[in-house]
Every structure is written in C-alpha cells, then in structure tokens.
Amino acid sequence: LPENIRRVGFVIRAFNVEIATIRDQVTARHAGMGGMVFWRELIQNLFEHEKPVPNHPVARELNSVISQYGLSRGPFDKLIESRELFLEDDKRPPFYAIEDVEAYGEKAFASILYLLLEALAKDSKEVKGHARHAATQIGKAEGLITLIRGIPYNAARLRKVYVPITLLTEHKVTSESIIRNSFEDGGTAMKEMVESMASVAEEHLSNARFRAKYR
C-alpha cells in the first residue's frame with residue numbers, strides 16, 4: 001500500500017480479523033452474537049460519539065483513523081454483516097446460490113477496498129466510479145476464491161461445506177462426499193464444480209482489470 005494509508009490498512013484488517021475469528025472462537029450462537037453486538041455497537045459509537053471509546057487497541061486505532069481520514073460507516077457495517085452469515089451455519093448453509101457468494105464477497109472483501117479508496121481520496125473527498133467498480137469486482141472474485149481455498153479446511157477440520165446448494169445439486173456432489181473426501185466418479189464432478197466457481201471469479205477479475213484503463 002502507499003505509505004500514507006498503510007496505517008489505515010493495518011487497522012481495517014485488524015478489525016476484520018477481530019470479527020472474522022468470532023465464529024471459530026465460540027461454540028454457542030448466542031456467544032457469537034454477543035461478540036458481533038460488541039463490534040456493531042462500537043462502530044455506532046465511533047460515528048455517533050455517544051460513549052467514551054473502550055480501552056481496546058483496535059477500537060482506539062479505529063477511532064483515530066475514522067476521524068483522521070473521514071471514513072464512512074457503511075463498509076464497517078457490511079463487514080460485520082458478512083461475518084454474521086456464519087453464526088447459524090449449524091442450522092442452515094450460508095450460501096444458496098453463487099450470487100450469495102458474490103454478495104458476501106462484496107461485503108467481506110470489497111468493503112475493505114472501499115475504505116482504502118476513501119483514505120486515498122481523503123483530500124479530494126471523491127472515490128471515482130471506475131475505482132469503486134473495480135473494487136466491487138475484486139471483492140466478488142476474492143469471495144469466490146476464498147470459498148474455493150477453504151473447501152479442504154472446512155471439510156476436514158470443521159466438517160462443514162459452504163459450497164452453494166444449487167452448485168452441489170447441479171453437479172451432483174454431496175456435502176458428505178466432500179467431508180469424507182470420497183467421490184464415486186473419482187472427483188470429476190467436484191473438479192467441474194470448482195472450475196465453474198473459478199471461472200466466475202476470473203470473469204470478475206477480468207472486469208476489474210478492464211477498469212484500469214480509466215485511471
């Protein structure tokens with residue numbers, strides 16, 4: 001990152017780590033919701049100045065960069081929303097269709113890029129449309145690739161499958177076969193399913209690169 005926004009980058013990603021790891025740290029849904037409520041109320045407080053800032057390193061740094069760079073609240077709220085999807089993954093899968101993964105990617109990854117763009121545009125107070133569109137496309141691509149990369153870990157360690165239900169059905173791949181890493185066709189359908197997700201991610205990345213000529 002450019003030197004003038006590295007601090008912002010570290011703080012935003014530290015905040016993202018705080019909320020992203022809540023699901024892995026709790027076994028009960030209400031405990032996870034409690035953690036999310038803490039951060040949601042903190043963000044509200046930082047923008048509305050209702051209470052003193054808690055003596056928490058990430059909270060204090062967030063307060064500083066939000067004030068210094070004039071960051072907007074929306075991307076922070078969307079980051080929290082993106083992680084709340086997984087608090088009920090024992091009851092229902094977070095993604096029904098690939099469009100849900102794209103929406104997740106925009107909230108979980110593009111939101112970080114939006115905030116960095118805002119920090120870069122601190123003096124002009126304007127984020128150009130093409131830059132924002134590119135960030136959206138990159139976020140969607142990152143969401144899809146993160147899902148693909150996480151399949152082995154989620155299946156082996158967490159015994160969970162986050163692949164969209166419609167894709168599993170379309171390619172005739174069962175969640176149990178992924179968890180057991182045992183496929184009747186030798187994994188051909190699984191490979192085709194992953195390739196279909198990767199092709200969508202590649203399309204988003206190509207769209208982002210196309211925007212580069214409008215710098």
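Helices here are DSSP runs of H or I at least four residues long, and strands are runs of E at least two long, both numbered from the N terminus. Keep that in mind as you click around.

Before you start, know that you're looking at a predicted model: local features need pLDDT of at least 70, side-chain atom pairs count only at pLDDT 80 or more, and totals for chains, interfaces and linings use all residues. Residues are numbered from 1 along each chain as its sequence is written, and side-chain values use heavy atoms, with hydrogens and water left out.

**Stop 1: helix α7**

Select residues 129–158, which make up α7. Now pick Thr-136, which lies in this helix. Is Thr-136 buried or exposed? Its relative accessible area is 11%, so Thr-136 is buried (buried means under 20%, exposed over 50% and partly exposed in between, using a 1.4 Å probe and protein chains only). Show its neighbours too: leaving aside residues up to four places away in sequence, Thr-136 touches Glu-106, Ala-110 and Tyr-114 (contact means heavy atoms within 4.5 Å).

Next, click Ala-131, also found in helix α7. Ala-131 counts as partly exposed because its relative accessibility is 30%. Try drawing a distance from Ala-131 to Arg-13: the two are 118 residues apart in sequence, and their C-alpha atoms are 20 Å apart in space.

**Stop 2: the largest pocket**

Rolling a probe the size of a water molecule over the atoms shows where empty space is left. On a 1 Å grid over the protein atoms alone, a cavity is a set of points where a 1.4 Å probe fits but cannot get out, while a pocket is an open set with protein on both sides within 12 Å along at least five of seven lines; lining residues have an atom within 4 Å of a point.

To find the largest pocket, select Ala-20, Arg-83, Tyr-104, Thr-146 and Asn-154, which lie nearest its centre among the 26 residues that line it. Its volume is about 660 Å³ (the space filled by probe spheres set on the grid points, which are joined across faces, edges and corners).

Which helix gives the most to this lining? That's α7, with nine residues. Colour α1 (6–20), α2 (22–25) and α6 (98–120) as well, since each of these supplies at least two lining residues. By type, the lining divides into 13 nonpolar, five polar and eight charged residues (Ala, Val, Leu, Ile, Met, Phe, Trp, Tyr, Cys and Pro count as nonpolar, Asp, Glu, Lys and Arg as charged, and the others, Gly among them, as polar).

**Stop 3: salt bridges**

How many salt bridges does the structure hold? There are six (each is a side-chain nitrogen of Lys or Arg within 4 Å of a carboxyl oxygen of Asp or Glu). Here are some to visit.

- Select Glu-84 and Arg-40, whose side chains meet at 3.2 Å, N to O. This pair links distant parts of the chain, with Glu-84 in α5 (residues 74–84) and Arg-40 in α3 (residues 29–48), 44 residues apart.
- Move to Glu-48 and Arg-73, where the closest N and O atoms are 3.1 Å apart. Glu-48 is in α3, and Arg-73 is in the loop between α4 (57–69) and α5, 25 residues apart. Add Asp-77 to see a network of salt bridges linking Glu-48, Arg-73 and Asp-77.
- Finish with Glu-81 and Lys-107, with closest N and O atoms 3.2 Å apart. Glu-81 belongs to α5 and Lys-107 to α6, 26 residues apart.
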